[in-house]
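Visitor: I am new to this entry and should like to understand the terms used to describe it. May I ask how each one is justified?

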Amino acid sequence: MPVRGVRVEIQDLTHRYSARSPLTFEKVNLEARQGEAIAIIGRSGCGKSTLLHILAGLLRPTSGTVKLDDVLVEKPSPRWVMMFQAPHLFPWMRVSQNVGIGLHFAGWNDTKKHERVAEAIDLVNLQEFAENNVQDLSGGQQQRVALARSLVMEPELLLLDEPFSALDAFTRAAMQRDVRSITKRLGINLVIVTHDIDEAVLMADRALIMAGSPGKIYDELEVDLPDPRERQDPAVQAMRARLMEAFHTAAGTPSPDVAGSNGSDEPELEEGESSKPRIEIAGKSAGIGSRK
Amino acid sequence: MTSVVAPAGALAFPHLKSPGVRRLVYGVVGLSIMLIIWELGTLLLDLNPATRTFTTFGPGPTFRAFPTLIEDGSIYKAVVASGYRMGFGLFIAIAIGIPIGILMGRSKRFREMSNSPFQLLRMISPLAWMPLAVIVYPEWDQAIIFLIAIASVWPIAFATAAGLAKIDPAWFKVARNLGARATHMLTQVMLPAIAFDVLTGIRLALGVAWIVLVPAELLGVTSGLGYAIKDARETLSYSHLTAMVLVIGVIGYFLDSVCVVLIKRYSWHHRGA
């Protein structure tokens, strides 16, 4: 399933839900290279999920434009596909039917569809469950089906809206690793909205920090780390600390002292607990240039 | 020492481990009890000289009447005539009820506007429409089909609306995200999601229609199961009358069983998450 990424260009994007409601975010500008993975982090309510819905063509902006290789995003398309927080699989279908539903919508014939579906199911390692009903699968397996359902469309841009937040720590770590490796292998652009700073460091090439009301992109950091990225790697932890500081600076909240730490403020992958420092963690402040 | 306590059912029928066999055996036992009660009732009638003439309602004369009713085609003709009215009426109810239910489920405005009139109409006994139907429709058949349709449409419409209310809105968002058009939304998302509720509504409608059909056929028409009962009563053929009543029960039970099978086939709710 070779895919070519796209150049994503967001220009002066502003959104409000209705004429009388306040702005969700304003004047958001962003450019992403072909195949680049971008994480957008920020507190709840800063508009990051709304931004993602606009990128998916599921919402219209109040003003501004989103272009993928100069094609204006105005409605959903198999070229840009979104994966949601919950898998939202169709429970009356088997795994293979769920994975192939987008191809069915696109009018593919059965033979070609079966080939492509099998390929996508292979990618997420669910071959032995292909003919199972999706209700028989675990939460992690269901999210893999949702990933395969997105990948089968061969999107140029994959949008993830906190897709792993409901999973246990082990499954989440595996999914983060697998999604990054698959999208990099296929050359797919990735935009992931997350509360989880670790997730941003482990999955993105660049992290954007959104804050404020209306939301704005306050800062961005290149996450220039080699793959595979391991949570315990000192370089990963240093990047995590930088991102945490940048986030707290943007949010105007005190930052915990995480620079150079071994991640002791977060539980590691044990006992199914959250492995991630949530951005609400308060502590000592640290400064990094904000570019407002 | 470990003690094993067998469930009550297992003690009563220790060999009935297979659910299918157990259901069959229990069904046969239940029907046998019904037959015994029927026969006992007939014996009671036989004890009193004033009621002895009604013993032809008993199971013996009833079952003996079947060969004659089958041979002269009475059962076949009655079932075909009733089946036509029932099928046509139910078809109209489904064709009207499902779209109305979808509208009620999808449009809050329509739901709020239609709730009072529909609840009001639903509460009118279907047979209360009979005089109006007889005036409006030139043929009895049409009037009966109208009565069946108006009796059956409400369970279908309300069950469809209830099914839609339970749909996860995210399914529509996911489908739209994957390029679904309006027809896909209907055939791939909406209808499979509500199939269980729609079929449950149809099952209820079938019961109502079957109940309305027989009294409706007691008036005016010269064919059908209701007419056959009336005719048997007028000719004092009590064994034929009970035989026809039995046919009505058996067909109703069969149709309900078909609905149960379909509901099981299209239900996805029973699966373990």
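Visitor: Why are H9(B) and H10(B) called oblique to each other?

Guide: The axes of H9(B) and helix H10 (residues 225–234) of chain B cross at roughly 45° and come within 7 Å. Such axes are lines fitted to C-alpha atoms over the stretch in contact, and angles run from 0 to 180 degrees between N-to-C directions. Angles under 35 degrees count as roughly parallel, over 145 as roughly antiparallel, 65 to 115 as roughly perpendicular and the rest as oblique. The value for H9(B) and H10(B) falls under the last heading, and the two helices are therefore oblique. This is a predicted model, in which local features need pLDDT of at least 70 and side-chain atom pairs count only at pLDDT 80 or more, while totals for chains, interfaces and linings use all residues. Residues are numbered from 1 along each chain as its sequence is written, while chains are lettered from A and ligands numbered from 1 in the order in which they are written.

Visitor: What is the hand of the crossing of H9(B) and H10(B), and which residues make the contact?

Guide: The crossing is right-handed; that term applies if the near helix is turned clockwise from the far one by less than a right angle, and left-handed if anticlockwise. B:Leu213, B:Val214, B:Pro215, B:Ala216 and B:Glu217 of H9(B) meet B:Leu225, B:Gly226 and B:Tyr227 of H10(B). Contact requires C-beta atoms, placed from the backbone, within 7 Å. By class, these residues are six nonpolar, one polar and one charged. Ala, Val, Leu, Ile, Met, Phe, Trp, Tyr, Cys and Pro count as nonpolar, Asp, Glu, Lys and Arg as charged, and the others, Gly among them, as polar.

Visitor: Why are H4(B) and H9(B) called oblique to each other?

Guide: Helix H4 (residues 74–106) and helix H9 (residues 182–217) of chain B have axes that cross at roughly 140° and come within 10 Å. That angle meets none of the other three headings, and the pair is therefore oblique. H4(B) passes H9(B) in a right-handed crossing. The residues in contact include B:Gly89 and B:Ala93 of H4(B) and B:Ala205 and B:Trp210 of H9(B). Twelve nonpolar, two polar and two charged residues take part.

Visitor: What makes B:Val79 partly exposed?

Guide: B:Val79, in helix H4 of chain B, has 18 other C-beta atoms within 10 Å. A residue is buried if 20 or more other C-beta atoms lie within 10 Å of its own, exposed if 12 or fewer, and partly exposed in between. The count of 18 for B:Val79 therefore makes this residue partly exposed. Leaving aside neighbours within four places in sequence, B:Val79 is in contact with B:Leu225 and B:Ile251.

Visitor: Is A:His88 buried or exposed, and what of B:Leu236?

Guide: A:His88 has 21 other C-beta atoms within 10 Å and is therefore buried, whereas B:Leu236, with 10 such neighbours, counts as exposed. Phi is positive in each, near 50° for A:His88 and about 60° for B:Leu236. A:His88 is in the loop between E6 and H2 of chain A, and B:Leu236 in the loop between H10 and helix H11 (238–266) of chain B.

Visitor: Why is H1(A) described as largely enclosed?

Guide: Seven of the eight residues of helix H1 (residues 48–55) of chain A are buried, so the rest of the structure largely encloses this helix. Among them are A:Leu51, A:Leu52 and A:His53. Just after H1(A), A:Gly57 takes a positive phi of about 80°.

Visitor: How do you know that chain B is more spread out than a compact globule?

Guide: Chain B has eleven helices and zero strands; helices (H or I, at least four residues) and strands (E, at least two) are DSSP runs, numbered from the N terminus. Its radius of gyration is 24 Å, well over the 19 Å that the globule rule gives for 273 residues, so chain B is more spread out than such a globule. The radius is taken over C-alpha atoms, and the rule is 2.2 Å times the number of residues to the power 0.38. Buried residues make up 33% of chain B.

Visitor: How many residues form the contact between chain A and chain B, and of what classes are those from chain A?

Guide: Chain A gives 20 residues and chain B gives 17. Strand E6 (80–83) and helix H2 (95–105) of chain A each supply two or more residues to the chain A side, with H2(A) giving the most, three. That side has 15 nonpolar, five polar and no charged residues.

Key: Two residues are in contact if their C-beta atoms, placed from the backbone, lie within 7 Å.
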